[in-house]
Amino acid sequence: MDQAALWVSAQRRLLASYVNEAAGERAGGLAAALIAGDRSFLRTEDQNALRDTGLAHLLAISGLHLSIVGGLTFFLIRRSLVLIEPLALRVPVQKIAAVVALITCAAYLIVSGASVSTQRAFIMAAIVFLAVIFDRAAISLRTFAIALIVIVLLQPESVVTPGFQMSFAATGGLIATYEVWRNHRSSRERVLGPIGFAWASIIMTSVVSDAATAPFSFFHFERLSPVGLFANFAITPVVTFVTAPAAALTVILALFGQAELGLRLLGQSLELVLNMTHYFYNLSPGVIRMSVPMPPLALVFLSLALGAMMAFAGWARLLGGAVLLAPAIWLWSTAPKVVLHWSASGDVFIADTQGMVSRLEFVDGDGLPPLRFSEAPDREECGLQVCEYPSFSGLSITTLGPVEQKKKAETEQTPDTLRIQILRAGEASADLTFTWGEAKDAGGITVYARDEDLYVVQLQNCTERPWRRCSENGSAQPSGGARDYFERLIRTAG
């Protein structure tokens with residue numbers, strides 16, 4: 001089994017290298033990412049532009065890619081078989097097309113690396129095509145619920161990941177909107193033509209998917225692209241009507257040994273996608289960042305509001321969504337702000353006068369900083385033994401310690417020589433003075449502010465387990481652990 005996995009990985013790498021060269025220098029990296037799931041050839045500036053314009057979902061092989069691959073295969077096979085009149089009159093050609101499309105999606109799953117997001121998309125695609133085979137509704141909330149149950153049973157740990165939450169939020173929102181729209185159109189005598197319906201679908205898809213995923217984007221990444229809606233609206237038609245047919249043509253030409261010609265055409269379409277992406281990236285004033293992190297309980301209410309708008313019917317959709325949305329907004333508006341976070345990695349994240357967090361490289365520690373601060377901009381250190389940084393609400397943060405003694409080997413001997421103080425009206429207190437030894441042992445120290453009060457939260461590195469004791473004599477530490485952390489966090493954020 002391991003040898004088979006290694007062989008598949010080696011073949012994927014060879015495929016990515018071949019696609020990168022054949023698709024062209026400008027778009028080869030994006031083509032390799034879309035076909036083989038290998039992003040190593042994608043340029044950094046392209047990745048940043050895709051991320052900051054809300055188009056990063058193009059890189060994660062998920063529902064959009066599987067739907068294009070499976071949908072195109074289903075459409076081409078079905079249309080081709082319909083042309084064979086004796087076969088079309090005797091055999092349900094849509095079922096044959098569904099079987100071929102399912103096999104194609106399975107092949108794409110393996111070739112692309114079978115990431116978690118791709119596995120989720122494949123399960124949903126498989127349910128859709130199986131519904132066609134067994135004469136059931138292919139797209140419905142029942143199908144959505146089945147896919148959700150299957151993924152939770154197979155990968156329960158994925159429930160807390162951003163990919164799971166955002167993909168199912170967007171999919172569920174689109175299905176619910178589609179059902180409402182379909183019922184509305186069926187009740188009217190005059191309906192949109194095929195071209196008008198296609199453009200209306202693109203607009204509706206962009207609006208609904210952005211609105212459904214916005215709460216999770218704010219919670220996990222604390223950022224949102226102001227041009228994301230417009231970028232998706234402009235680029236989705238190119239991907240659907242230009243890039244997707246070019247990819248299908250590439251597959252057909254590959255059967256006749258002319259894959260390079262198809263990849264060049266695919267590369268040209270992706271160059272257009274990248275050019276449009278950079279246009280919106282340059283047009284954007286920057287991502288919208290939140291100074292107040294969304295409390296977990298607020299995300300719960302927002303998720304329930306989204307679920308109510310999917311499950312209820314009629315005016316109950318709006319009423320249920322509004323009732324559940326109100327407490328979410330209240331919790332978020334009253335949530336505490338981050339004043340300071342001293343990570344076990346040694347990085348210090350400081351809120352400025354506007355409440356926006358920036359990163360200060362203070363000590364050489366172990367591990368990585370929290371993911372939520374991964375996009376925080378760097379703040380220049382003053383280079384003195386005592387540095388003071390102003391913060392909001394009259395607070396200021398002071399770093400103290402020898403400038404030349406901040407390397408790991410030096411701080412392990414004297415961890416208390418490096419300190420951080422939070423000053424109120426220019427005065428320090430023992431409760432708001434922290435040493436590097438305390439931050440390292442605690443696994444990180446965070447200070448929150450709400451109204452006039454400050455709260456200190458520490459996450460202990462060691463959590464008591466029957467098979468692993470936190471101390472040498474086997475006794476549990478009196479405080480700390482993930483459970484205590486979340487209990488304190490809920491109390492302070494509630």
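## A walking tour of the model

Start by selecting aspartate 135 and lysine 95: these two form a salt bridge, with their closest N and O atoms 3.2 Å apart. (A salt bridge here is a side-chain nitrogen of Lys or Arg within 4 Å of a carboxyl oxygen of Asp or Glu.) The pair links distant parts of the chain, since aspartate 135 sits in the loop between α7 and α8 while lysine 95 is in helix α6 (residues 93–111), 40 residues apart. (Helices, H or I with at least four residues, and strands, E with at least two, are DSSP runs numbered from the N terminus.)

Before moving on, two bits of housekeeping. You're looking at a predicted model, where local features need pLDDT of at least 70 and side-chain atom pairs count only at pLDDT 80 or more, while totals for chains, interfaces and linings use all residues. Residues are numbered from 1 along each chain as its sequence is written, and side-chain values use heavy atoms, with hydrogens and water left out.

**Stop 1: around α7**

Stay on aspartate 135. Is it buried or exposed? It's exposed, with a relative accessible area of 52%, whereas lysine 95 counts as partly exposed at 24%. (Buried means under 20% relative accessible area, exposed over 50%, partly exposed in between, using a 1.4 Å probe and protein chains only.) Aspartate 135 comes just after α7 and takes a positive phi of about 60 degrees. Most residues other than glycine have a negative phi.

Now select helix α7, residues 116–133. Its 18 residues should span 26 Å at 1.5 Å a residue, and its end C-alpha atoms are indeed 26 Å apart. (The expected span is 1.5 Å times one less than the number of residues.) α7 is mostly covered, with 14 of its 18 residues buried.

Next, pick phenylalanine 144 in helix α8 (residues 141–154). Phenylalanine 144 is buried, at 11% relative accessible area. Add isoleucine 127 to your selection: the two are 17 residues apart in sequence and 8.8 Å apart in space, C-alpha to C-alpha.

**Stop 2: more charged pairs**

How many salt bridges does a search of the whole structure find? Eight. One of them joins aspartate 46 to arginine 26, with the closest N and O atoms 3.2 Å apart. Aspartate 46 lies in helix α3 (residues 44–52) and arginine 26 in the loop between α1 (2–22) and α2 (28–36), so the pair links distant parts of the chain, 20 residues apart. Aspartate 46 counts as buried at 1% relative accessibility, but arginine 26 is partly exposed at 23%. Select Arg26, Arg43, Glu45 and Asp46 together and you'll see a network of salt bridges.

**Stop 3: the five-stranded sheet**

Here five strands form an open antiparallel sheet, in the order β5-β4-β3-β10-β11. β5 (357–361) and β11 (453–458) are at the edges with a single partner strand each, so one side of each has no neighbour in the sheet. From one strand to the next, the twist averages 20 degrees. (Strands pair if DSSP finds at least two bridges between them.)

Zoom in on aspartate 347 and arginine 359, another salt bridge with its closest N and O atoms 3.2 Å apart. Aspartate 347 is in β4 and arginine 359 in β5, so the pair ties together parts 12 residues apart in sequence. Aspartate 347 is buried, at 8% relative accessibility.

**Stop 4: the four-stranded sheet**

Four strands form an open antiparallel sheet in the order β6-β7-β8-β9. Select β6 (386–390) and β9 (433–435): these stand at the edges.

β6 pairs with β7 (residues 395–400) in the antiparallel sense over five bridges. Look for proline 390 opposite serine 396, and valine 386 with its bridge partner leucine 400. The two strands form a hairpin with four residues between them. In that loop, serine 393 has a phi near 55 degrees, a positive value, and serine 393 is exposed at 63% relative accessible area.

Which residues cover the two faces of β7? Leu395, Ile397 and Thr399 are on one side and Ser396, Thr398 and Leu400 on the other, and all are buried. In a regular strand the side chains alternate between the two faces of the sheet. On to β8 (residues 419–424), which six antiparallel bridges join to β7; threonine 398 stands opposite glutamine 421 there.

How values were computed
Axes are lines fitted to C-alpha atoms, for helices over the stretch in contact, and angles run from 0 to 180 degrees between N-to-C directions.
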